[in-house]
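Got your viewer open? Here's a short walk through this one, stop by stop, with something to select at each.

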Amino acid sequence: MTRAAGRPDDGPVPVRLEVDMDYVQRVLLHLLRIPSPTGRTDEAVQYIGEEIRALGMDLIVTRRGLLNAVLPGLRARPDRAIAVHADTIGCMVTRLKDNGRLEVTQVGTHSARFAEGARVTIFTDDAHRTYTGTVLPLKASGHQYGDEVDTQGVGWPIVEVRVDERVHDADGLRELGLQVGDHVALDANPVITPSGFVVSRHLDDKAGVAAALGAFKAVLDAGVVPMVGAHLLVTIAEEVGHGATHGLDKDVAEMIAVDNAVVAPGQQSREDCVNIAMLDMTGPFDYHFSRKLLALAQDHGVPHTRDTYRHYRSDAASAVEAGLEMRTALVGFGVDSSHGHERTHLESVQAVAELLALYLQTDLTFPEWDRDERGPLEDFPSRSVQPVVLHDPARVHEPHGPHEATDAQLDEAEAHPT
Ligand SMILES: [Zn+2]
């Protein structure tokens with residue numbers, strides 16, 4: 001008996017649910033105001049955990065501080081997951097300079113060009129002692145350096161942090177309690193414009209967290225008990241490449257990473273829709289899973305587009321690299337000038353939340369096949385969309401997915417046995 005479903009997802013029919021955008025905006029703004037550079041994420045995780053519990057979901061926190069919340073399903077196993085990350089790009093102090101300023105390096109990959117001018121918060125080892133400052137190029141005054149301010153180049157070695165204290169040398173920095181290894185957060189300074197744009201640093205991935213919470217809230221508010229149990233995984237080290245390496249049970253069949261989509265010349269991604277990624281630098285996403293999400297958006301009128309990203313990876317990559325046997329997909333809110341002067345639109349965050357809420361109501365991509373980590377070749381469902389051309393004449397009478405072999409093909413096979 002074959003277990004292969006003819007098409008992905010023959011399960012329950014999902015309904016496009018209303019997303020509470022007032023809630024999503026509140027969570028987003030609150031979260032943007034909590035600094036959470038990779039390595040110093042506990043406060044953000046605490047806040048997100050409290051919001052998840054307020055929705056009525058149970059959660060656990062791992063030793064390292066990653067959150068795993070669960071919305072139970074009707075079926076005992078396996079589960080699915082939506083992954084978002086609480087950490088953001090940031091900086092770390094690498095030297096106390098003789099001029100009383102701080103040399104810093106990047107945490108996560110981002111250009112010093114977009115950090116120039118950023119207001120920052122510097123965290124000392126004393127939890128009650130933080131300082132503010134500004135990232136500046138070494139030649140920061142046109143009145144002093146003339147045209148050299150335009151020719152000095154870009155890079156972390158040629159910027160420094162000016163601390164907002166009366167300090168003029170390295171000893172003065174030490175007296176303030178500043179040390180090599182202190183975390184430096186780029187302040188988000190979020191603004192929501194009357195036209196609905198959200199302009200802020202760190203929309204990556206705080207808009208993803210807000211959208212995911214909005215999706216789970218929509219499902220809970222509607223009283224929907226999903227077929228498949230769903231985890232909300234909040235990772236804490238995505239920006240340095242090892243986000244979703246742990247924290248999920250083994251019995252998770254598929255996972256969507258929710259992260260920023262790249263809005264830039266030559267890209268398809270937009271700030272007014274949900275963007276479904278087909279590929280990033282780690283390769284193509286799961287064929288069936290990605291197309292299931294595209295079909296869901298299409299069938300329910302959720303504005304969407306599909307895109308590919310070159311210099312990009314997400315929690316999906318780290319999960320697969322860690323050996324988790326799951327289908328992965330990536331959906332994103334459009335972000336212009338990502339890891340820089342970021343901007344998205346509330347419509348994009350809403351479309352992401354709507355698609356996630358639809359997804360949570362569906363069955364697994366292949367409800368039967370995806371139940372176990374492995375199964376027999378005869379049951380492998382991929383043939384339904386990727387017909388197998390058999391070169392062995394003895395087997396050529398088997399149907400190729402939806403199409404029977406034609407007489408001409410049979411003659412051809414018999415004329416040229418392999
Ligand atoms: Zn991200």
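At what angle do helix α7 (residues 203–221) and α10 pack, and how far apart are their axes? Select both helices and have a look: the angle is about 45 degrees, and the axes are 8 Å apart. Keep in mind as you go that this is a predicted model. Angles of 35 to 65 degrees fall in the oblique class, so α7 and α10 count as oblique to each other. The crossing of α7 past α10 is right-handed.

Now show the residues where the two meet. On the α7 side, pick A207, A210, A211, A212, G214, A215, A218 and V219; on the α10 side, pick V349, V352, A353, L356, A357 and L360. Sorted by type, this contact has 13 nonpolar residues, 1 polar and no charged.

Stay on α10 (residues 346–360) and add helix α8 (residues 287–299). These two axes come within 10 Å of each other and cross at roughly 110 degrees. That angle is why α8 counts as roughly perpendicular to α10. Here the touching residues are L293, L296 and A297 from α8, with L355, L358 and Y359 from α10. This contact is made up of 6 nonpolar residues, with no polar and no charged ones.

Next, click on L355. Skipping residues up to four places away in sequence, you'll find L355 touching V274, L293, L296, A297, V302 and V331. L355 is also one of the residues that touch the most other members of the largest nonpolar core, along with A211, A212, V258, V352 and L356. That core has 86 residues in total. Apart from it there's another core, this one of 23 residues, including V93, A118, V159 and L173.

For the last close-up, go to G133, in strand β7 (residues 130–137). Is G133 buried or exposed? Buried: the cut-off is 20 or more C-beta neighbours within 10 Å, and G133 qualifies because it has 21. Leave out its neighbours within four places in sequence, and G133 is in contact with V120, I122, V161, R162, V163 and D164. Try a distance from G133 to G117 too: C-alpha to C-alpha they are 9.7 Å apart, with their positions 16 residues apart in sequence.

Finally, zoom out to the whole protein. There are 11 helices and 18 strands to colour. Of its 418 residues, 45% count as buried. Among contacts with a separation of 6 or more, 76% are between residues 24 or more positions apart.

Conventions: Residues are numbered from 1 along each chain as its sequence is written. This is a predicted model: local features need pLDDT of at least 70, side-chain atom pairs count only at pLDDT 80 or more; totals for chains, interfaces and linings use all residues. A nonpolar core is a set of buried Ala, Val, Leu, Ile, Met, Phe, Trp, Tyr and Cys residues joined through C-beta atoms within 7 Å. A residue is buried if 20 or more other C-beta atoms lie within 10 Å of its own, exposed if 12 or fewer, and partly exposed in between; C-beta atoms are placed from the backbone. Two residues are in contact if their C-beta atoms, placed from the backbone, lie within 7 Å. Axes are lines fitted to C-alpha atoms, for helices over the stretch in contact, and angles run from 0 to 180 degrees between N-to-C directions. Helices (H or I, at least four residues) and strands (E, at least two) are DSSP runs, numbered from the N terminus. Angles under 35 degrees count as roughly parallel, over 145 as roughly antiparallel, 65 to 115 as roughly perpendicular and the rest as oblique. Ala, Val, Leu, Ile, Met, Phe, Trp, Tyr, Cys and Pro count as nonpolar, Asp, Glu, Lys and Arg as charged, and the others, Gly among them, as polar. A crossing is left-handed if the near helix is turned anticlockwise from the far one by less than a right angle, and right-handed if clockwise.
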